[in-house]
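Please open the structure in your viewer and keep the selection tool at hand, because the tour below goes from one selection to the next.

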Amino acid sequence: VMGEQKKFDVPAYFSDQDINVRDFAGICRQKTHIADYPFAAAVEKDILIYEGDRIRQTFKDPMQEAPLKAELCQVLKDGPGVFAVRNAYPDKSVIDRSTAVFLDIIAQEKASGLGQGDHFGDNERIWNSIQKACVKEPDLFIDYYGNPILAMACQAWLGPFYQISAQVNNVKPNSEAQSAHRDYHLGFQSAETVARFPAHAQVMSQFLTLQGAVAHCDMPVESGPTMLLPFSHQYAVGYLAYTRSEFRAYFEAHKVQLSFEKGDMVFLSPALFHG
């Protein structure tokens with residue numbers, strides 16, 4: 001007896017015929033409903049907002065850990081693809097001390113001529129900041145990366161054996177803003193190279209990493225916090241499409257930005273269109 005064949009939602013390989021900005025727009029028009037996410041405190045611009053104190057309370061009740069992780073995973077996979085955590089660092093001195101270390105590293109790298117800057121303009125960047133900060137101030141490194149909310153978010157999406165890499169990005173006034181993009185792993189390849197990967201590998205890429213950021217100062221929208229396009233990670237052909245002019249134009253017309261306060265965190269799927 002022959003079993004019925006399963007029909008897959010995507011072809012073996014994507015082609016130009018699979019790319020359509022109208023399909024993309026239909027995905028991005030989805031709305032986030034707070035009722036679907038019982039641990040969340042609010043929804044702002046279709047982005048889920050969690051309160052650090054509420055998450056820290058769940059650490060005292062092991063029965064809540066599994067459903068919280070499941071909810072965060074759902075946000076990143078089938079929801080808007082991004083969530084923020086307010087007051088993720090209750091001790092702001094950890095942030096201030098880390099900022100001082102980062103600024104010192106930036107100054108040293110500039111003086112030595114080794115500072116590589118940012119590939120979107122004259123912004124200040126520390127590549128591999130996690131190792132450089134650890135070597136410089138190991139006790140502070142533990143305070144900074146020992147944040148249990150960071151661990152919770154990483155475990156929710158990546159499981160227990162994740163590794164962290166980190167860079168510092170300081171966008172300077174009047175410097176060039178980043179253009180809309182996706183990140184690891186295929187986000188750093190040309191469209192020609194991406195097209196050589198089978199469709200399932202392109203879809204799978206976003207499940208291998210998680211992106212997060214920590215606000216080291218108060219960031220009103222005027223200061224240029226990260227631009228985000230909720231639900232855009234669900235567009236399967238996105239790694240081929242994000243460099244196209246019509247997709248970048250849609251991003252510019254529909255992107256959203258949240259204001260952040262010092263010590264807030266934001267986590268997003270690497271496939272979310274952002275900049």
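## A surface patch to start from

Begin by selecting Met204, Phe207 and Leu208, which form a nonpolar patch on the surface and together have about 270 Å² of accessible area. Patches are made of residues with over 30% relative accessible area and no salt bridge, where like charges are joined within 9 Å and nonpolar side chains (Val, Leu, Ile, Met, Phe, Trp, Tyr) within 5 Å. A salt bridge, in turn, is a side-chain nitrogen of Lys or Arg within 4 Å of a carboxyl oxygen of Asp or Glu, and accessible areas come from the Shrake-Rupley method with a 1.4 Å probe, with only the protein chains shown counting as cover for residues.

Before going on, note that this is a predicted model, in which local features need pLDDT of at least 70 and side-chain atom pairs count only at pLDDT 80 or more, while totals for chains, interfaces and linings use all residues. Residues are numbered from 1 along each chain as its sequence is written, and side-chain values use heavy atoms, with hydrogens and water left out.

Within the patch, methionine 204 lies in helix α9, residues 199–204; helices (H or I, at least four residues) and strands (E, at least two) are DSSP runs, numbered from the N terminus. Methionine 204 has a relative accessible area of 41% and is therefore partly exposed, a class that lies between buried (under 20% relative accessible area) and exposed (over 50%), with a 1.4 Å probe and protein chains only.

## Strand β3 and its neighbours

Next, select residues 82–86, which make up strand β3, a mostly covered strand with 5 of its 5 residues buried. Val82, Ala84 and Arg86 point one way from β3, whereas Phe83 and Val85 point the other way.

Add strand β2 (residues 47–51), which runs parallel to β3 and is joined to it by 4 bridges; two strands pair if DSSP finds at least two bridges between them. Here glutamate 51 stands opposite arginine 86 of β3. Then add strand β7 (residues 265–268), which pairs with β3 in the antiparallel sense over 4 bridges, and look for leucine 268 in β7, the bridge partner of valine 82.

## Two helices

Which residues of helix α1 are buried? Select residues 21–28 and pick out Phe24, Ala25 and Cys28, the buried residues of α1. Seen down the axis of α1, these residues fall within an arc of 100°, so they line one face of the helix; the arc is that of the directions from the helix axis to the C-beta atoms. Their cover includes α11 (245–254).

Move on to isoleucine 106 in helix α4, residues 92–112, which counts as buried because its relative accessibility is 7%. Leaving aside residues up to four places away in sequence, isoleucine 106 touches Glu124 and Ile126, where contact means heavy atoms within 4.5 Å.

## Backbone details in the loops

Most residues other than glycine have a negative phi, and most peptide bonds are trans. Select aspartate 46, in the loop between β1 (42–44) and β2, where phi is near 70°, a positive value in a residue other than glycine. Asparagine 87, in the loop between β3 and α4, also has a positive phi, near 55°. Finish at the peptide bond from tyrosine 184 to histidine 185, which is cis with omega near -10°; histidine 185 is in the loop between β5 (168–170) and α8 (191–195).
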